[in-house]
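Visitor: I should like to go through the terms applied to this model and the grounds for each.

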Amino acid sequence: MTDFATIYKLSIIAFAYAVQVYGATCPVLECWFVQEKSGRGFPAAMSQEKSLLYVGTDPVSTGTRTKNLPADIDAARIYHVTDPGAAFCSSPLCPPEGSVRKPQCEINPFLPHPAVVQWAAPLTESAHSPIYLQADWLSVSAQGLDGQLTLSSVMRAPTNTNKPSVIVSVFSRTASVRARLGAPVVLDCGFWTESSSPLTTGGFSVEWRYQFRGEGRLVLAYDGKNDRLAQTTEEGAQLDIAALHQTGNASLILQEAQVRHSGTYICSVYLPYLLSQVSINLEVEAPSLSVSPSTPQVLLPGQSLSLQCRASGFTPLPLELRWEFLGADGELRPLVGGRVSGHTQARDGTFTQSSWVEVGQGGVDLGGAGEVVCVGVHAGGTRRARVSLSVIGLRGPTVEDSMAMVAVALGLYGLIVS
Ligand SMILES: *[C@@H]1O[C@H](CO)[C@@H](O)[C@H](O)[C@H]1NC(C)=O
């Protein structure tokens with residue numbers, strides 16, 4: 001009786017597992033096959049051909065769907081992909097049949113090679129490359145609808161078979177992330193490796209790089225073979241090492257989003273001779289700072305002017321608001337005597353705060369023309385807002401004053417026409 005119950009239970013578990021793995025809908029992906037054109041030329045010319053990927057989680061389901069092959073695709077560009085990890089078989093890559101919008105996909109020839117970076121070099125310490133590498137290697141990058149999934153895989157096919165199997169996949173469910181200043185951020189990245197491949201027994205490494213306008217830096221690097229984190233200057237960035245080993249969760253955790261964190265992050269996973277990576281965009285919403293009035297001002301003798309500076313959208317507290325004056329002579333000096341309001345909190349949890357300063361007669365004597373600058377100093381970064389000011393002298397307009405007035409008029413004119 002107990003035996004029967006056990007068998008019964010086991011078969012239910014086996015069935016559930018079969019549905020989970022084999023029941024996953026795997027896509028037929030339209031991809032661009034892109035490779036360097038053979039021949040000379042710099043930069044190398046690229047060729048682009050239509051290609052089709054029939055994906056399945058096991059070789060049987062992959063090989064069966066060969067009916068109705070499209071006529072406009074070269075048979076050499078039709079691939080039957082086995083993806084046991086089923087990274088390709090998630091809904092963002094499987095739009096409903098007949099859908100006009102399609103996932104983006106590109107496939108390229110891939111050349112296995114030892115990594116040179118310090119945290120991945122130990123993966124290929126044994127000098128010779130295994131015979132296993134002698135095969136057709138391909139890399140695929142795909143992006144699901146609405147940026148819900150970015151996936152990059154390296155696949156191996158026995159030479160000239162067009163039947164590649166995925167060896168490593170790296171994916172992110174958040175191709176672009178908006179974060180509030182000061183709040184913690186998770187940049188999602190996960191990976192899967194084929195455990196039966198001789199390469200996966202050699203260990204793995206994970207690297208996070210940051211890029212913005214052509215500049216890059218290493219955020220974090222982990223040598224999984226020696227269980228060692230590389231030295232970096234980045235503070236407040238973390239990996240969950242236990243999750244990394246257990247579930248392939250390589251997500252980057254930034255403890256406090258700062259304006260300087262905005263940019264592109266690249267999550268790379270190294271296996272011996274292989275590298276796969278996805279990129280994620282992070283935008284940290286900066287607080288806004290504005291001075292009113294915002295147009296150039298003219299100050300007449302005996303007149304005074306009240307300026308307001310308003311900071312909004314910042315978190316956490318505190319924020320320091322102060323005033324500076326940049327004279328026409330290029331000298332920067334602090335303006336004291338500003339008044340600061342209390343802060344108010346908006347519904348999204350961010351704060352708003354203002355400061356006022358009075359300049360001219362009865363206020364701070366500026367002594368000449370220049371720019372009044374409001375400075376907002378926050379843990380997330382420092383911002384400035386400015387307004388230009390001309391002061392007309394007591395003894396009637398001097399040449400400089402007249403020029404200032406013309407400049408203001410021109411400035412105003414510029415504001416009006418632009
Ligand atoms: C991966 O780790 C991050 C940070 O610890 C977590 O927020 C996220 O939910 C994890 N992802 C999965 C798929 O478990």
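Guide: The turns below concern a predicted model and the reasoning behind its descriptions.

Visitor: What makes Asn 249 a polar contact of the ligand?

Guide: A polar contact requires a pair of N or O atoms within 3.5 Å. An oxygen atom of the ligand is 2.4 Å from an N or O atom in the Asn 249 side chain, so the pair meets the criterion. As for cover, the ligand taken alone exposes 360 Å², and the protein buries 48% of that.

Visitor: Which residues surround the ligand, and how are they divided by class?

Guide: The surrounding residues are Arg 173, Val 186, Asn 249, Ser 251 and Ile 253. By class, this shell has two nonpolar, two polar and one charged residues. Val and Ile count as nonpolar and Arg as charged.

Visitor: Why are strands E8 and E13 said to stand at the edges?

Guide: The open sheet has six strands in the order E8-E17-E16-E11-E12-E13, with mixed pairing. Strands E8 (176–180) and E13 (228–229) each have a single partner strand, so one side of each is left without a neighbour in the sheet.

Visitor: How do you know that E12 and E13 pair?

Guide: Pairing requires at least two bridges between the strands. Two bridges join E12 (residues 215–223) to E13, so the requirement is met. The two strands run antiparallel, and Asp 223 has Arg 228 in E13 as its bridge partner.

Visitor: What share of the protein counts as buried?

Guide: Of its 418 residues, 42% count as buried, that is, under 20% relative accessible area.

Methods. Residues numbered from 1 in each chain as written. Predicted model: local features only at pLDDT ≥ 70, side-chain atom pairs only at ≥ 80, totals over all residues. Heavy atoms only, no water. Buried < 20%, exposed > 50% of the residue type's maximum accessible area, 1.4 Å probe, protein only. Near = heavy atom within 4 Å. Polar contact = N/O pair within 3.5 Å; in protein donor to acceptor, adjacent residues only side chain to side chain. Areas by Shrake-Rupley, 256 points an atom, 1.4 Å probe, with all protein chains shown as cover. Helix = DSSP H or I, 4+ residues; strand = E, 2+ residues; numbered from the N terminus.
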